[in-house]
Amino acid sequence: MITWRLLLTFSALREIDTNPQTATVDGIALPQGARPQGIVIDPKDNYAYIADQNRPNIYVLDINPNSATYHTVIQTINVTSPLGLSQLAISSDGRRLFATGSDNNEQTPNRRIYAVNIDPADKPSAQGSNERKWHQQIKVIPTLSETEGIAATSDPKKMVFTNGLASVLTIDSNGDQIKLQDDGKGFGVLEIAPLSLGVATDYFDVNEAVAVTVTQDGKYAFVAGRNSRAKINTREGGNIGIIANPLGPNPQLVAATRPIPGSLTNNLALSSDGKYLIASYPKNPGNYKLDARDRGVDTWGFQASNQRNATTADLVRVPIDDINPLVSIAADYEIIEGNWINNFGFGIPDGTKRAPIGIGGNPKGLAIASVKNWLELKGPIGDSKNDSNPLTPTFKWDLKGENEPCGLPGFKPDTDVEKVNLYVSVFPQGKGLLPDDRWDGLNSQDDKDYNPNRVLTAQWENGTWTWDGKTKAGSSKEFTLSSDRMLTAGQEYHWAVEAVTKKGDKKVVTDKFKTLLPTPISGGNTFSSVTVLTRGVEPGNSQNSQLIDGQINGVAKHIFDTGGTVMKYQSATGKWQSVIPQGNSWISNTSLQPPVYGKPLVLLANWMDGMNGMDGIEPKQLYNSGFAEAAADTLFASMVQLDLNKGGGVGSPGQLYDSTGKLIRTQGAVFNSPLHFIGFGQGAVVNSEIVQRLGTFLPDAGGTSRANRDLQMTTIDPYDYDNNSFSGPYLNILDPEIKVWNNVTYADNYYQTKGIGNTINGRELSGTNWKSDWNVSLGERAGFTADDGEGASHRAALAWYAGTANLTGSKLPSENGDTIYRRLGDLEQNNIADVTKTWYTPDHTNASLTHGDTKAPWEDDLILMVGRRLKMSWLTLRII
């Protein structure tokens, strides 16, 4: 077993013992043969990432004390490096991990940087697929010369690294693509920021830069110089350089620490409060701490009789820790004998209380776990189950101060806070949560907020909260969401608190949570909802059909990710099979877990599978009379069989029929659950026919009795048979009319009329037998333009509705799909200036808003409706 001597505590300045019950200091077990090199810790202190210097591996160590796998390597991330790895760094938004390639074999140069996705928002659910490549390599960035040191800056899109050229990595943080920009101005190693001080012939320089870190404000960078080519018996050696204005047009090396002969300095890291710098000196007793700000005089051999005040001119010829050794918190290893010129010896001064931390071996990797911040979020985090009103939760945070370690000396939270901003959004940081967020494709350079209509933007100042023209008195440490900003069940939300002190200190902290789905309406033998998703054969090319599949799959996948089960109709067997997502499709396996009572169930009624060429039937023939009805017969029969398998029955002891001659039927879990039929295009016709059969044979379907039934029928762009002008094989669409049958408890309909040629036009359902409770015309919104037959406007209606199911997406499908217009930036990206073109504005009993209202939230869609109970599914009912 390989163990690793990993962590130090700042309070005690000693190693952490992972098993205090033994007499020895126990390290952390790494995989057999591991050679740990670099280490970084994610911003939430959940994982430590450890690079292997001999293998292309990054070990993921669980460092959450509340986790069952605490201090255990839970995963190994493989990258495509031909050798091992050197150093690691995480972008300042915590979304990307970068590793530099180990270049220790001149026969196999490894001049590359490897990018890994560690965005918590991309972490798959326990059962879900890993479409976003979480904890996987997503990019290889070549460099022109040896690259070893790499570090984040306060700008999440910029990383700095030591290199033979002056380069700045520019990261596109809105997706998987990472772009490399060499702008000729960023900090590198030699050309832009010469690492020399004083005269060229003295010992005092910074040579062979191998690690770099930048202060939070971007004013200074610290560079570790290994200096493996130092001359023997001289004062040359490894040290640390201080560079002013590292990201500006003229970075300059302005000071450096004392070179230590033979030390081979190889890494450094700043503490999270920016007050301490830790460096790794493998050939010396341990790790040194340097105060990054203090200056002064008081070193071994100091003679008071010759004292003078140090000046800035001394910094170019005298090591900073010779000027003031007190900058060394645990790094007092200096010249203790000789004349300091050509006769000297290094060591630890007698009686010092600032000796280096000796841990033995050959220390290399360094990382800092975060200290307690002066601003910490308390909840909701994870989910909203602990909130008495989970859809209007109370956001709480803590402002540390007084006697608590918080990084702001003397900070008094009750009097020193000037203002607090609270942001709530369906988008994470970098995509619209914060006012200064910029995402991929948004090319504007101004300081405009491109998502002003997030769920909430509120500010506290002088004891009063203000948002969208409303005010209320309140604490600077909590805010309860108002009823007009009610959230949607079963969705993920992001929130951020930005606090600003009267001295100008600013802190932004973000987190996320999920709103839970309501519990089932009855005991343990029902599902929280059963959603039937049905499409039909649509005019248009195969790409149009694939996009429709992607949109419907996106709805099903969202419910799957909330803990639901998806079952797909198998046309070859006539049965429903549990499936899991794989890419933009589904795979089945007999070992998959069956549907779970109390959770959502989705039935993908893909009755067209195999129609192309099956029994000689071509899609165009499905527009003739009878096919939609036949599909409804088949799907209804398969649903009845599934319900029988889930506790349903036929007959009673001793008889099959009742006194009126009707077949005795007992509903099972499927039909005892709230039912929601969602049909798109021709699929709306099929669903209408299924609902008719349910009303005839199982009139109580949708609940356990007629008193608690919930059967909703949603139609998306149902055909307008009179106004469509199809051509070719689509002329004779002879499907039956869609009707809202008496067993439907609520019907909602969404349609557009922008189609031309073979692009379908939808219709309002307002006839005597087919009137919907809610009709929404979408034709004047963004993306609904006159269509020449490619199906875009018809498909946009499905994308619009699918966007009410999963509030986090900006495209559906997520790859190369149709735009979901939630943000002001979405409109401007598509050159749409009219804000009334936005897609969503909620309209319900607590928020009667005009569509496109600039003060209304455009992201979120509410599930409350007058006179009806809270829906059991994710569905949005009322949207302007």
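**Close-ups of a predicted model**

**View 1. Thr-100 and its partner across the strands.** Start with one residue pair: Thr-100 has Ile-113, in strand 11, as its bridge partner. The model we're looking at is predicted. Zoom out a little and you get the pairing of strand 10, residues 96–101, with strand 11, residues 112–117. These two run antiparallel to each other, with five bridges between them. As a reminder, strands of a sheet pair through backbone hydrogen bonds, either parallel or antiparallel.

**View 2. The open sheet around that pair.** Strands 10 and 11 belong to an open sheet of four strands, ordered 9-10-11-12, with antiparallel pairing. At the edges sit strand 9 (85–90) and strand 12 (137–142), each with pairing on one side only. Going from neighbour to neighbour in this sheet, the strands are turned by 20° on average, if you ignore direction.

**View 3. Leu-656 and a nonpolar patch.** Here we're in the loop that links strand 41 (649–650) and strand 42 (665–666), which is where Leu-656 is found. Leu-656 has a relative accessibility of 45%, so it counts as partly exposed. Together with Val-650 and Tyr-657, Leu-656 makes a nonpolar surface patch of about 280 Å².

**View 4. His-851, tucked under the 20% cut-off.** Look in the segment after strand 50 (847–848) for His-851. Is His-851 buried or exposed? Its relative accessibility is 17%, and buried means under 20%, so His-851 counts as buried. Trp-839 is also worth bringing into the frame: it is twelve residues away from His-851 along the chain, and the two C-alpha atoms are 8.4 Å apart.

Conventions. Residues numbered from 1 in each chain as written. Predicted model: local features only at pLDDT ≥ 70, side-chain atom pairs only at ≥ 80, totals over all residues. Heavy atoms only, no water. Pairing = 2+ DSSP bridges. Axes fitted to C-alpha atoms, helices over the stretch in contact; angles between N-to-C directions. Buried < 20%, exposed > 50% of the residue type's maximum accessible area, 1.4 Å probe, protein only. Patch = residues over 30% accessible without salt bridge, like charges linked within 9 Å, V, L, I, M, F, W, Y side chains within 5 Å. Areas by Shrake-Rupley, 256 points an atom, 1.4 Å probe, with all protein chains shown as cover. Salt bridge = Lys/Arg side-chain N within 4 Å of Asp/Glu carboxyl O.
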